[in-house]
Amino acid sequence: MKSMQKPKIGISLRVVEAPSYDEKRDALSHDWPKLLEKLGFNPIYIPNTLSHVDDFFSDMSLDGLILSGGDNIGENKNRDETENLLLKLAIEKRIPVLGVCRGMQLINNYFGGDMSIDNTTEHISKNHDVEITDKSFFSLFNSDKITVNSFHKNTIQIDQVGQNLNPFAISNYDKTVEGFFHSIFPIIGVMWHPERTKVSSDDIILTKIFENKVFWKEKP
């Protein structure tokens with residue numbers, strides 16, 4: 001008997017220099033396919049140099065999209081253009097999106113937001129608590145606080161959040177926005193890296209957004 005097809009989750013790739021070679025390469029941490037496979041999803045890697053991203057997006061029949069971390073926005077034109085187009089296509093097709101670290105920053109910029117630079121080391125390779133400020137996410141985690149990892153210097157202040165993006169997680173350290181969701185589209189952004197830790201709250205976020213799409217909305 002044919003088994004049910006697993007949901008296909010597209011994931012963007014970072015750009016890395018190849019030592020001893022005059023070339024750039026797309027790359028992704030091995031942690032991502034391990035996590036997605038564990039949760040019952042098939043990862044679909046999306047190259048940064050496709051001539052027709054829209055055709056690829058349609059041909060793959062994606063069920064969800066992850067805008068991954070790594071690199072700063074503005075460091076690689078191909079990646080910036082590819083991810084912005086991927087986000088646009090996902091919105092048009094109402095496909096759920098999870099933005100991670102850089103991915104969250106790109107979503108914020110897409111909707112007219114901004115960011116700041118934290119010149120301390122408080123968000124570098126450290127775990128810290130975030131306050132859960134939205135009732136749907138409070139119910140999801142059954143807690144008003146979760147512990148997350150942190151690997152970033154770019155931060156989003158409350159007054160820098162883009163249009164229709166609603167914070168649900170706030171850093172206890174500096175009150176920066178660590179997680180938000182879009183009020184209309186099935187989009188979530190988090191500043192931490194779900195692929196780098198094995199905690200239930202991260203599994204819950206991925207499972208819920210890619211299965212329920214807009215679980216934070218009130219049911220009629």
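These exercises walk through the fold and two loop residues of a predicted model.

Residues are numbered from 1 along each chain as its sequence is written. In this predicted model, local features need pLDDT of at least 70, and totals for chains use all residues.

**Exercise 1.** State how many helices and strands the protein chain has, and why it counts as compact.

*Solution.* Start with the secondary structure: six helices and 13 strands. These are DSSP runs, numbered from the N terminus (helices: H or I, at least four residues; strands: E, at least two). Next, take the radius of gyration of the protein chain, 17 Å. This value is taken over C-alpha atoms, and the globule rule is 2.2 Å times the number of residues to the power 0.38. For 220 residues the rule gives 17 Å, so the chain is as compact as a globular protein of that length. Last, find the box filled by the C-alpha atoms: roughly 50 × 40 × 30 Å along the principal axes.

**Exercise 2.** Place Ser-61 and Cys-101, and decide whether each is buried or partly exposed.

*Solution.* Locate Ser-61 in the loop between helix H2 (53-60) and strand S5 (64-67). Its phi is near 50°, a positive value. Then locate Cys-101 between strand S6 (97-100) and helix H4 (102-110), also in a loop. Phi of Cys-101 is near 55°, again positive. Most residues other than glycine have a negative phi.

Now apply the cut-offs: buried is under 20% relative accessible area, exposed over 50%, partly exposed in between (1.4 Å probe, protein chains only). Ser-61 has 46% relative accessibility, so it is partly exposed. Cys-101 has 6%, so it is buried.

Note on methods:
This is a predicted model: local features need pLDDT of at least 70, side-chain atom pairs count only at pLDDT 80 or more; totals for chains, interfaces and linings use all residues. Side-chain values use heavy atoms; hydrogens and water are left out.
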